[in-house]
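Biologist: I should like to learn how the features of a model are read. May we take them one at a time?

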Amino acid sequence: MPDNLSQPILEVKDLKKHYPVIKGFSRRLVGFTKAVDGISFAVPAGQTLGLVGESGCGKSTAGHCIMRGIEPTSGQVIFYDRTRGPVDVVQASPDMLRHLRLNMQMVFQDPSSSLNPRMTLLDIVSEPLIVNNVARGKELQDRVADLLRVVGLLPEHMHRFPHAFSGGQRQRIAVARSLALRPQFIIADEPVSALDVSIQAQTLNLLQDLQEQFDLSYLFISHDLSVVEHVSDIVAVMYVGKLVEMAETETLYHNPLHPYTEALLSSVPNPDPDAVKNRIVLVGEVPSSSKPPSGCYFHPRCRYAKPECSQEAPALREVAPGHVVACHFAETLALRGVTAVRI
Ligand SMILES: Nc1ncnc2c1ncn2[C@@H]1O[C@H](COP(=O)(O)OP(=O)(O)O)[C@@H](O)[C@H]1O
Ligand SMILES: [Mg+2]
């Protein structure tokens, strides 16, 4: 159960990433793709915040901006570093960034493309330790053996290459590497989306075990609400660069207040035949963040939309402690959450 009094490890404040849109021969600036457009949230220490939304909503851009892999346009990312205290990642000097990268790591969707096929497990997992001068020689090998054990791989396989392993095992290699420097915080961007469903659960369990063992905090990015539910303490729902709803996981799943959240929840696998029959099909696609609709960005796809929804953009507001939503009619809609026992 999340403890609201717990210290944050990360606070994201009004984070924006706007890409200029250039047209034609004269390279005229015609607008901006607002991939991330003013999102704010806090990840409590030792907990997981799940960031969800359909593909194209800006989740990965947000993740990269938090790591400064991409330069944010504006906003603050306060990271509570274990030795340096609170640091704004957005303003951090190159030296400070190098230090922060020891404590903040990222794990990606497709381990096959993030692992160099010409490097052995030993090379892959030991690289961050060598680059940062943490260990060498026998100690290095011992550290790698420990890390492989921790993620459920056999240390005697450290001289093999990634292709000798399955997708799930490769994701474990990537996780071992991300743990090498004992980070405080990991951003996992769709870490199980490329894996078979049977392997997904194992990998999620591993990430949860590691969280306890190493007191890790996670930002867990996924387009799939059923994946995020089991690992998240708080869930934030993103649509066209903005947050539309955020709450503690149980509250969000049982009592969603935004029609977009309701629609995403209704596509979560559910053994209840009524739920299947009443599934809400989201028509159309996520609008481009360079040309979003007027008013509420969700209104063209919203089954409850009223005339004012196309005119005025709803502000994100707190409707109950810790529960924020951006919908004009959040209080009057009776939305359906997930009630039945799921598979
Ligand atoms: N380098 C870029 N230049 C211009 N637009 C971009 C760039 N990177 C991402 N975008 C746009 O930003 C939006 C969000 O993308 P992304 O963060 O990858 O979404 P998600 O991870 O939720 O699928 C998309 O509309 C995408 O086309
Ligand atoms: Mg993405």
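Biologist: What volume does the largest cavity have?

Modeller: The model is a predicted one. A cavity is a set of points where a 1.4 Å probe fits but cannot get out. Here, the largest cavity has a volume of about 100 Å³, and the count of cavities of 30 Å³ or more comes to 1.

Biologist: Which residues lie nearest the centre of the largest cavity?

Modeller: Its lining has 14 residues, and Pro259, Cys296, Cys302, Cys309 and Cys327 lie nearest the centre. By class, the lining residues divide into 11 nonpolar, 3 polar and no charged.

Biologist: How many residues of helix α1 are buried?

Modeller: Buried means under 20% relative accessible area. Helix α1 spans residues 59-67, and 7 of its 9 residues are buried, so the rest of the structure largely encloses this helix. The buried residues in α1 are Lys59, Thr61, Ala62, Gly63, Cys65, Ile66 and Met67.

Biologist: What phi does arginine 68 take?

Modeller: Arginine 68, just after α1, takes a positive phi of about 60°.

Biologist: Which residues make the nonpolar surface patch of about 260 Å²?

Modeller: A residue needs over 30% relative accessible area to belong to a patch. The nonpolar patch in this model is made by Ile22, Leu29 and Phe32. Isoleucine 22 is partly exposed, because its relative accessible area of 38% lies between the limits for buried, under 20%, and exposed, over 50%.

Biologist: Where is the place of isoleucine 22?

Modeller: Isoleucine 22 is in strand β1, which covers residues 8-23.

Methods
Residues numbered from 1 in each chain as written. Chains lettered and ligands numbered in written order. Predicted model: local features only at pLDDT ≥ 70, side-chain atom pairs only at ≥ 80, totals over all residues. Heavy atoms only, no water. Patch = residues over 30% accessible without salt bridge, like charges linked within 9 Å, V, L, I, M, F, W, Y side chains within 5 Å. Areas by Shrake-Rupley, 256 points an atom, 1.4 Å probe, with all protein chains shown as cover. Salt bridge = Lys/Arg side-chain N within 4 Å of Asp/Glu carboxyl O. Helix = DSSP H or I, 4+ residues; strand = E, 2+ residues; numbered from the N terminus. Buried < 20%, exposed > 50% of the residue type's maximum accessible area, 1.4 Å probe, protein only. 1 Å grid on protein atoms, 1.4 Å probe; cavity = no way out; pocket = protein on both sides within 12 Å on 5 of 7 lines; lining within 4 Å. Points joined across faces, edges and corners; volume = space filled by probe spheres on them. Nonpolar A, V, L, I, M, F, W, Y, C, P; charged D, E, K, R; others polar.
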